[in-house]
Structures are given as structure tokens and as C-alpha cells.
Amino acid sequence: MSEHTKAIVGRWLDEFWNKGKVMTVDELAASAVLMYYPLTGELRGRESLKQMIRQFRTAFPDVS
């Protein structure tokens, strides 16, 4: 894996998951992004990812 790819993945994990920064989705994900998370199932599009992380952070506000 290239250093550039590692940096992008690291940023995704830190900003999106750890800090809940939804703007990261707009910056790093394609508009037609498709992701699968075991707890939510299939998520299509940036807005669905943003909604999921907002709900996750609301349910678990102390997660970091």
C-alpha cells in the first residue's frame, strides 16, 4: 500500500470515525460511494454515510 493511500485511510479513520467529521465524506468519498457495515448493512451515497455517523455519534457520544 502506498504512503498516499495509507494517509487517506488514516484520515478517514481519524476524522470520520474517531471525530465524527461529516465533511470528510465530501472530501474523500465518491458521490456514488457504496459501503457495508455489519450493524447498518449497505450504505449508498455520501448522505447515507453522514446520517450513519451522526446516529452513531448520538448513540455513543463518548466514543473517540
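**Reading a small α/β chain**

User: Which share of the contacts between residues at least 6 apart in sequence joins residues at least 24 apart?

Analyst: Happy to start there, keeping in mind that this is a predicted model. Contact here means heavy atoms within 4.5 Å. Of the contacts in the chain between residues at least 6 apart in sequence, 34% join residues at least 24 apart.

User: What pattern of helices and strands does the chain follow along the sequence?

Analyst: Read along the sequence, the order is α-α-β-β-α, which gives 3 helices and 2 strands. The chain is as compact as a globular protein of its length, because its radius of gyration is 12 Å, close to the 11 Å that the globule rule gives for 64 residues. Along the principal axes, the C-alpha atoms fill a box of roughly 35 × 25 × 20 Å.

User: How do I read the strands: do β1 and β2 run parallel or antiparallel?

Analyst: Strands are paired through their bridges, and here 4 bridges join β1 (residues 34–37) to β2 (residues 41–44), with the two running antiparallel. Together β1 and β2 form a hairpin, with 3 residues between them. For a landmark in the pairing, find M35, which stands opposite L43 in β2.

User: What percentage of the 64 residues is buried?

Analyst: A residue counts as buried under 20% relative accessible area. In this chain, buried residues make up 25% of the 64. As for the accessible surface, the chain has about 4500 Å², and 58% of that belongs to carbon and sulfur atoms.

User: And how far apart are the mean positions of the positive and negative charges?

Analyst: Compare the average place of each sign: for the 9 positive and 8 negative charges of the chain, the mean positions are 1 Å apart.

Key
Residues numbered from 1 in each chain as written. Predicted model: local features only at pLDDT ≥ 70, side-chain atom pairs only at ≥ 80, totals over all residues. Heavy atoms only, no water. Rg over C-alpha atoms; globule rule 2.2 N^0.38 Å. Buried < 20%, exposed > 50% of the residue type's maximum accessible area, 1.4 Å probe, protein only. Areas by Shrake-Rupley, 256 points an atom, 1.4 Å probe, with all protein chains shown as cover. Lys, Arg positive; Asp, Glu negative; His and termini not counted. Charge placed at Lys NZ, Arg CZ, Asp CG, Glu CD. Pairing = 2+ DSSP bridges.
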